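Work through the exercises below with the structure open. Try each task before you read its solution.

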Amino acid sequence: MQRHFDQELAILKEKLLTMASHAEGSVTKAIRALVERDDSLAREVKEHDSILDQFEIEIDEFAISLLALKAPLATDLRLITTAMRISHDLERVGDEATTISRRALELNQEPQLKPYVDIPRMAEMGLSMLHDAIDAFVNKDSAKARAVIPRDKDVDALNKQLHRELVSFVIEDPTTITRALNLMVISKSLERIADHATNVAEEVVYLYEGRDIRHSKAAPAEPSH
């Protein structure tokens with residue numbers, strides 16, 4: 001019975017990995033749609049948003065069926081509930097990719113306001129955080145998950161810096177307001193993606209250390225025994 005249950009848990013992890021890959025791919029495509037001014041790519045991201053919604057529903061249903069299968073051990077129970085929470089964060093990452101695509105479609109109709117340097121950099125940082133958090137989940141590596149959390153500050157700082165720069169554009173030339181606001185929304189979406197990556201990392205710490213660090217100011221290293 002336990003062996004069968006372990007196999008089911010492995011399937012749950014696999015589903016989550018596939019979902020994470022789709023979420024990362026959606027963000028990458030959305031940013032490419034912006035930088036390369038590719039409307040068809042932006043539309044593709046919007047159309048594929050339902051795939052991630054479906055993944056979240058499937059993972060939730062699968063997790064609930066596992067809970068009904070037997071009375072799981074505390075560690076298994078943590079894994080199942082963590083998987084459900086991670087899938088929710090991944091679905092939200094997909095939502096942000098859709099937001100970026102919508103704004104890219106609008107921005108592509110007008111001349112480019114500024115070179116896109118900070119936005120691809122923010123995307124790269126957020127996706128790297130998400131990738132490492134998922135990797136930590138798969139490899140049972142809570143130290144790697146903890147290392148993801150402080151990186152969120154760098155993305156926040158870039159978002160604020162870009163926001164200030166865009167405000168100055170609008171002050172100098174009010175006709176830039178629509179483009180500036182669209183870029184602010186994209187920047188905010190990327191900041192939220194980094195927040196979701198942080199959530200995943202915190203869930204991984206909870207899963208493998210049994211310690212909830214979500215509302216602590218910092219994520220101190222686990223004390224040595």
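Helices (H or I, at least four residues) and strands (E, at least two) are DSSP runs, numbered from the N terminus. This is a predicted model, in which local features need pLDDT of at least 70, side-chain atom pairs count only at pLDDT 80 or more, and totals for chains, interfaces and linings use all residues. Residues are numbered from 1 along each chain as its sequence is written, and side-chain values use heavy atoms, with hydrogens and water left out.

**Exercise 1. The overall layout**

Task: Find how many helices and strands the protein chain has, and what box its C-alpha atoms fill.

Solution:
- Step 1. Count the elements: the protein chain has eight helices and zero strands.
- Step 2. Read along the sequence. The pattern is α-α-α-α-α-α-α-α.
- Step 3. Take the principal axes. The C-alpha atoms fill a box of roughly 65 × 40 × 20 Å.
- Step 4. Check burial. Buried means under 20% relative accessible area, exposed over 50%, and partly exposed in between (1.4 Å probe, protein chains only). Of the 225 residues in the protein chain, 45% are buried.

**Exercise 2. The faces of helix H3**

Task: Decide which residues of H3 are buried, and which are exposed on the other side.

Solution:
- Step 1. Locate the helix: H3 covers residues 49–69, 21 residues in total.
- Step 2. Test its length. The expected span is 1.5 Å times one less than the number of residues. For H3 that gives 30 Å, and the reach from first C-alpha to last is 31 Å, close to the expected value.
- Step 3. List the buried residues: Asp49, Leu52, Phe55, Glu56, Ile59, Phe62, Ala63 and Leu66.
- Step 4. Look down the axis. The buried residues of H3 fall within an arc of 150 degrees, so they line one face of the helix. The arc is that of the directions from the helix axis to the C-beta atoms.
- Step 5. Turn to the other side of H3, where Glu61 and Ala68 are exposed.
- Step 6. Recall the general rule: an α-helix has 3.6 residues a turn, so residues three or four places apart point the same way.

**Exercise 3. The faces of helix H7**

Task: Repeat the analysis for H7, listing its buried residues and the exposed ones on its other side.

Solution:
- Step 1. Test the length: the 21 residues of H7 should span 30 Å, and its end C-alpha atoms are 31 Å apart, which agrees.
- Step 2. Pick out the buried residues: Asp152, Val155, Leu158, Asn159, Leu162 and Leu166.
- Step 3. Apply the arc. The buried residues of H7 fall within 120 degrees, so they line one face of the helix.
- Step 4. Name the exposed residues on the other side of H7: Lys153, Lys160, Arg164, Ile171 and Glu172.

**Exercise 4. The nonpolar core**

Task: Find which helix gives the most residues to the largest nonpolar core.

Solution:
- Step 1. Define the core: a set of buried Ala, Val, Leu, Ile, Met, Phe, Trp, Tyr and Cys residues joined through side-chain atoms within 4.5 Å.
- Step 2. Size it up. The largest nonpolar core has 61 residues, and Val27, Ile86, Leu90, Ile119 and Leu190 have the most contacts inside it.
- Step 3. Trace the contributors. H1, H3, H4, H5 (118–138), H6 (142–148), H7 (152–172) and H8 each supply at least two residues of this core.
- Step 4. Choose the top one: H8 gives the most, with 13 residues.

**Exercise 5. The largest cavity**

Task: Find which residues line the largest cavity, and how they divide by class.

Solution:
- Step 1. Define the space. On a 1 Å grid over the protein atoms alone, a cavity is a set of points where a 1.4 Å probe fits but cannot get out, and a pocket is an open set with protein on both sides within 12 Å along at least five of seven lines; lining residues have an atom within 4 Å of a point.
- Step 2. Get the volume, the space filled by probe spheres set on the points, with grid points joined across faces, edges and corners. The largest cavity has about 40 Å³.
- Step 3. List the lining: Lys114, Pro115, Tyr116, Val117, Asp118, Ile119, Leu162, Leu166 and Leu183.
- Step 4. Assign helices. H5 and H7 each supply at least two of these lining residues.
- Step 5. Sort by class. Ala, Val, Leu, Ile, Met, Phe, Trp, Tyr, Cys and Pro count as nonpolar, Asp, Glu, Lys and Arg as charged, and the others, Gly among them, as polar. The cavity lining has seven nonpolar, no polar and two charged residues.

**Exercise 6. Lys140**

Task: Say where Lys140 lies, and whether Lys140 is buried or exposed.

Solution:
- Step 1. Place Lys140 in the loop between H5 and H6.
- Step 2. Read its phi: near 55 degrees, a positive value in a residue other than glycine.
- Step 3. Apply the cut-off. With 57% relative accessibility, Lys140 counts as exposed.
- Step 4. Link Lys140 to the largest pocket, where Lys140 is one of the lining residues. That pocket has a volume of about 240 Å³.
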